[in-house]
Every structure is written in structure tokens, then in C-alpha cells.
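Thanks for making the time this morning. I would like to walk through one structure with you, beginning with its charged pairs and ending with its packing.

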Amino acid sequence: MRILVVEDEEGLAESLRRGLCADGHWVDLAHDGHRGLDLARTGSYDAVLLDLMLPGLSGYEVCARLRADGDPTPVLMLTAKDGEYDEAEGLDCGADDYLTKPFSFVVLAARLRALARRTAGGAAGPRPTLQAGDLVLDPAGRRCRRGPHDIELTARELGVLACLMEQPGRAVAKQDILDQVWDAPHAIDPNIVEVYVSSLRRKIDAPFGRRSILTVHGTGYRMAADGG
């Protein structure tokens, strides 16, 4: 993979570069938001590791501008902040995943591999197009639409939605969603699924006056077979 690391702590950035290069990746570094955005906009990267607190432009701003450009490159947000509101803001601006400092390089490498697999459609081949009413999801093409309206989803949001749409009308437990969508589900709080479901509802339901993802109390979530 060709990876862009945007991190203002130069010691950490260099450490990440060495570790990723040792894993066989090609790595470029940027130490501020403006330089990171300029490099990311070249479109030559398979993934971007993006620090949240950067000089110039914040990680939120860099990610939001990339998504506004229509750039689908997977973004893994790195931050020293912690809490579901920080994570929700990262997801809202288009990040695909979120890792809080300090983190294990082994976990970082696993998250990158997971993003790469989802972007490529998975080792078992692309999943078929899924539909619930006028909601259509193409996991292989990373495309979602509600009627004629295209909806931009991150890789993680796409994975969660696909998990629910593959089992329309059935309650899907949070842990089952974790097991299917996350690379190391045993190390992750199942409540993180709530953050992604909330983000999906804001994108696929709220603008259209729909309720397609229903909460099943004590279990998890259910996709309305008719798309809400």
C-alpha cells in the first residue's frame, strides 16, 4: 500500500514511517494540515493516516475537504482525544476509522489491512448489490443511493449497512456486526456500533424522512425490509 501519514509530532511520524515501511508499504509524511491536504489530493494513496490536531488545518478539515472533492481514499484518524463525541465528529467529516493515542502498532497495522480489504471488496469477492425499498447499496463499488440521490458513506459505515441489509427484517446483534465489520472485534466495545448507526441514520434516513434502521432493545438493530 502507498500510505500518507499526516502527523505533526515528527518523532511519531518517523516511527510510523519506519514501521510501515518495514511492513512493505510506501510511506510519505506531512507535518501540517495544508501540506497533508495537498499530498492527499494527488489521489496516489491507498490510505491516509490523519492526526486530528494539526497546525494549519485540523484533521477534521482535511478529511472534510477530501470528501467534498469526492475522494474515497480510506482515512484512519489518529488522535490523543478520547470520547464518542470526538469519534462521531470524525465520522461525520468522512473518516473511515478512528484510533486513539497511544496505540499499538500491531493494532494500527490490523486496522489498515481491514480498510484495504473492505476497499478491495474482500478476499471472498465482491458482495452483490443490496436493496431495501428505494435504498440501494453496492458494497463492491462503495456506492449507496436512496432513490435518485447518491449518499456518501465511509468504508466502516458501508460495512455496517451491508451487514444489516443482508438480513432484512431480522434483528442483528451489535456483537455480530462487530464480528463482521471490525478486524479485531474482541478488543472493541460493542457500543461503538451505536456511533456508526447514528451516523448512518443521519445520512440514509433523516434527509428523506425515513426510519429504515430500527433499534431492537436488548439485541441490536434491524433493517426494515421496505427501506423504511
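Let me start with Arg 67 and Asp 96, whose side chains meet in a salt bridge at 2.9 Å from N to O; please keep in mind throughout that this is a predicted model. Arg 67 lies in helix H3, whereas Asp 96 sits in the loop between helix H4 (84-92) and E5, so the pair ties together parts that are 29 residues apart in sequence. Both partners, Arg 67 and Asp 96, are buried.

A second pair is formed by Arg 41 and Asp 69, with a salt bridge of 2.7 Å, again from N to O. This pair also links distant parts of the chain, since Arg 41 belongs to the loop between helix H2 (33-40) and strand E3 (47-51), and Asp 69 to the loop between helix H3 (59-68) and strand E4 (75-79), 28 residues apart. Are these two residues buried or partly exposed? Arg 41 has a relative accessible area of 42%, and because buried would require under 20% and exposed over 50%, Arg 41 counts as partly exposed. The same cut-offs place Asp 69, at 46% relative accessibility, in the partly exposed class.

The third pair I would mention is Lys 101 with Glu 7, where the closest N and O atoms are 2.9 Å apart. Here the separation along the chain is 94 residues, with Lys 101 in the loop between strand E5 (97-100) and helix H5 (105-120) and Glu 7 in the loop between strand E1 (2-6) and helix H1 (10-22). Lys 101 and Glu 7 are both buried, and they belong to a network of salt bridges that also takes in Glu 9 and Asp 51. For the model as a whole, the count comes to 15 salt bridges.

Let me turn to one of the sheets. Three strands form an open sheet in the order E10-E12-E11, with antiparallel pairing. E10 and E11 stand at the edges with a single partner strand each, so one side of each is left without a neighbour in the sheet. On average, and ignoring direction, neighbouring strands of this sheet are turned by 35° against each other.

In more detail, strand E10 (residues 171-173) is joined to strand E12 (residues 220-223) by 3 bridges, and Ala 171 has Arg 222 as its bridge partner in E12. Strand E11 (residues 213-216) pairs with E12 over 4 bridges, with Ile 213 partnered by Met 223 and Leu 214 standing opposite Arg 222. H6 packs on this sheet, where it touches E10, E11 and E12, and its direction makes about 70° with that of E12. H7 lies across E10 and E12, running at about 70° to E10. E11 and E12 themselves form a hairpin with 3 residues between them, and Gly 218 in the turn has a positive phi of about 85°.

That brings me to the nonpolar packing. The largest nonpolar core has 30 residues, and those with the most contacts inside it are Leu 137, Val 160, Leu 161, Ile 177, Trp 182 and Ile 213. Among the elements that give two or more residues to this core are helix H6 (155-165), helix H7 (174-181) and E12. Leaving aside neighbours within four places in sequence, Ile 177 is in contact with residues including Val 160, Val 172, Trp 182 and Tyr 221. Finally, there is a second, separate core of 21 residues, which includes Ala 30, Tyr 60, Val 75 and Cys 93.

Methods. Residues are numbered from 1 along each chain as its sequence is written. This is a predicted model: local features need pLDDT of at least 70, side-chain atom pairs count only at pLDDT 80 or more; totals for chains, interfaces and linings use all residues. Side-chain values use heavy atoms; hydrogens and water are left out. Two strands pair if DSSP finds at least two bridges between them. A nonpolar core is a set of buried Ala, Val, Leu, Ile, Met, Phe, Trp, Tyr and Cys residues joined through side-chain atoms within 4.5 Å. Buried means under 20% relative accessible area, exposed over 50%, partly exposed in between (1.4 Å probe, protein chains only). Contact means heavy atoms within 4.5 Å. A salt bridge is a side-chain nitrogen of Lys or Arg within 4 Å of a carboxyl oxygen of Asp or Glu. Axes are lines fitted to C-alpha atoms, for helices over the stretch in contact, and angles run from 0 to 180 degrees between N-to-C directions.
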